[in-house]
Amino acid sequence: MSAQFLQLLFSGITVGATYALAALGFTLIYNASNVINFAQGEFIMLGGMLTVFFIHTGLPMPLAVALAIVLPAGVGILIEKLAIQPAKGAEVVALIIITIGASLLIRGLAQVFFGKGSFGLEPFSSHAPIDIGGAVLLPQSLWVLAVTALVVVMLWLFFSRTVMGKAIRATSCNPLAAQLVGIDVHWVLLLSYALSAALGAIGGILLTPLTMTSYDVGIMLGLKGFVAAVVGGLGSGLGAVLGGLLVGIIEAMSAGYLSSAYKDAVPFVLIFIILFFLPRGLMGAKATERV
Amino acid sequence: MKRLAMPLLALILLLLPLVLPNMYYYDLVIRMTINAVIVLGLNLLIGFAGQISLGHAGFFGIGAYASAVLPTHFGWHPVAALLAGAVATALLAALVAKPIFRLHGHYLAMATLGLGIIIAIVIRNETGYTGGPDGMAVPPLAIFGHEISGEREWYWVFAANLLLSVWFCRNLMDSPFGRALRALHGSEVAAQVVGVDLARYKMAIFVFSAFFASIMGSLTAHYVGFITPNVADFFHSIELVTMVVVGGMASVFGSVVGAVLLTALPQALAAFDGWETVAFGAILMLFMIFLPRGLVPTLAARFGRGE
């Protein structure tokens, strides 16, 4: 394995982990309400920007990070409560447009309050790169991977072991039946939006020391997370994680070996290939149709 | 009233030059008519086929750059370039839509979004032809040896173009094709039962609206004389969708009203950097929540007649 290949693999997996978190967010909301939340990317942006902002105001790092996760979760709840809930029963197109509106609103406000500049963040631990087989691995990449892995495991435990998690899964299978056995479906929706926003924010915080952040990073990151969710098979949690890593790796490889100018186009070409040849994605085995 | 709407629009377009004080307002009105025509096409797709395209700016961009690149670098006649751009756009739209309309769900939203972004990236990166992010000059449009120039001349071109498009769309709605579309709008299952081939109709309308957008891209490029990749940007696509939502889905005159209002809005907000995005976001959400049918159909219903 050449050093260049290894290098591209490292950066692909690192970015891919963020896509995976965003894709999990899409999946959560899609499963809970059948809505594709186009504002998902803005949570990634909020995570990074808010951390930068709170550290600038002098808060210690852990507190800044905690706030940068909790606040976007609150924004997620607000979107569900103020925008999705009142439009209940609307057509899917209407719901898509509402989430697009929410994303513009968040991005616009971020531009007004934080300005158009790019902001960076200090790495969580040392700067010293680690040499593996001639390729360089930044300690921050390890942070990204470790935290993502931790989050995925915790999510898995949450959904398979806790009553709350099982309630969410039951609701995504059949909301009416879930309601009949006493699950508060509306509460499940709120929780899904909060969780999905928090996931996006975590991704944004992890990525900021590596790539910088600005008010408008949400569109691209969110869209790529979405591509990852579709690649993995919309609705599948495991698919979202695999899809994220895959999109990240393919993007890094084509940037390295084909053309760095067209790096951003790669995920979108990928989505066409998937839609044409594998419309259910990698893991989307479910053949049932939501009507 | 419904019969009066067309002559009324014609009258307004005819009388407007009498009250437009200067070239700035000419330009504003021209932009309104340009957007109105694109929105007419997009509205057919959103309002009747119940599908959303988040990449219409990409189609607009193909038209604009076809009219800029082909005459400049390959010596094509502008009219040939316009047609080539429109046909290429239609083919691309058909190619993309064919597998997607066989799927259920909202895959078109994502596919068009991806397509629009790819188009914008190509325009930005092919610097040799397009001038990259700096943009490029567009040669003037000459028809029968006459070069169209100045806001006044262009105004009549775009006004006529809008009237024709409105007339065309209204006739289309009354044709068998339009009836099938309205059936589809009412109930997809019922339409299918009486023999409407859903996928075919949806695809036809998608291709048609992309074709529309490309032609308008070409004309706009000639009018403005200089284009940048921003014309193909995602935000431009969103602006167009917002116009449909505000004016009213599945409403021909709603399209015109939406285009007029939302073309004026950024001018009013120009002094407040960033608030433009906020305003568009808030408008989208508020309309979808409180006035999901849009202005014109809601008002029409209030006065006791359906559009």
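pLDDT is the predictor's confidence in each residue, from 0 to 100. Keep that scale in mind, as this is a predicted model.

**Exercise 1. Find where confidence in chain A is lowest and highest among its elements, and decide how to treat residues 287-291.**

Step 1: Start with the whole chain. Chain A has a mean pLDDT of 87, with 97% of its residues at 70 or more.

Step 2: Go down to the elements. Helix 11 of chain A has the lowest confidence, a mean of 83, while helix 2 of chain A (residues 40-56) has the highest, at 94.

Step 3: Now look at residues 287-291 of chain A, where the pLDDT falls below 50. Leaving aside near neighbours in sequence, this stretch has two contacts in the model.

Step 4: Draw the lesson. Where pLDDT is low, don't read the predicted coordinates in detail.

**Exercise 2. Describe the side of chain A that touches chain B: which elements build it, and what kinds of residues does it hold?**

Step 1: Count both sides. Chain A brings 38 residues to the contact and chain B brings 34 residues.

Step 2: Pick out the elements. On chain A's side, those giving two or more residues are helix 4 (92-114), helix 9 (217-232) and helix 11 (266-277).

Step 3: Look for the main contributor. Helix 4 of chain A supplies the largest share, 16 residues.

Step 4: Sort by class. This side of chain A has 31 nonpolar, three polar and four charged residues.

**Exercise 3. Work out how the two domains of chain B meet.**

Step 1: Set the bounds. The domain assignment puts domain 1 of chain B at 46-228 and domain 2 at 233-307.

Step 2: Place them. Their C-alpha centres are 20 Å apart.

Step 3: Count the contact. In chain B, 15 residues of domain 1 touch 12 residues of domain 2.

Step 4: Name the elements on domain 1's side. Helix 2 (23-48), helix 3 (56-74), helix 5 (107-125) and helix 7 (150-174) of chain B each give two or more residues.

Step 5: Sort that side by class. You get nine nonpolar, five polar and one charged residues.

**Exercise 4. Explain why chain B counts as being as compact as a globular protein of its length.**

Step 1: List the parts. Chain B has 14 helices and four strands.

Step 2: Compare the radii. The radius of gyration of chain B is 19 Å, close to the 19 Å the globule rule gives for 307 residues, so chain B is as compact as a globular protein of that length.

Step 3: Add the spans. Along its principal axes, the C-alpha trace of chain B covers about 50 × 45 × 45 Å.

Step 4: Check burial. Of chain B's 307 residues, 48% count as buried.

Conventions. Residues numbered from 1 in each chain as written. Chains lettered and ligands numbered in written order. Predicted model: local features only at pLDDT ≥ 70, side-chain atom pairs only at ≥ 80, totals over all residues. Contact = placed C-beta atoms within 7 Å. Nonpolar A, V, L, I, M, F, W, Y, C, P; charged D, E, K, R; others polar. Domains from an automatic or database assignment. Rg over C-alpha atoms; globule rule 2.2 N^0.38 Å. Buried ≥ 20, exposed ≤ 12 C-beta atoms within 10 Å, placed from the backbone.
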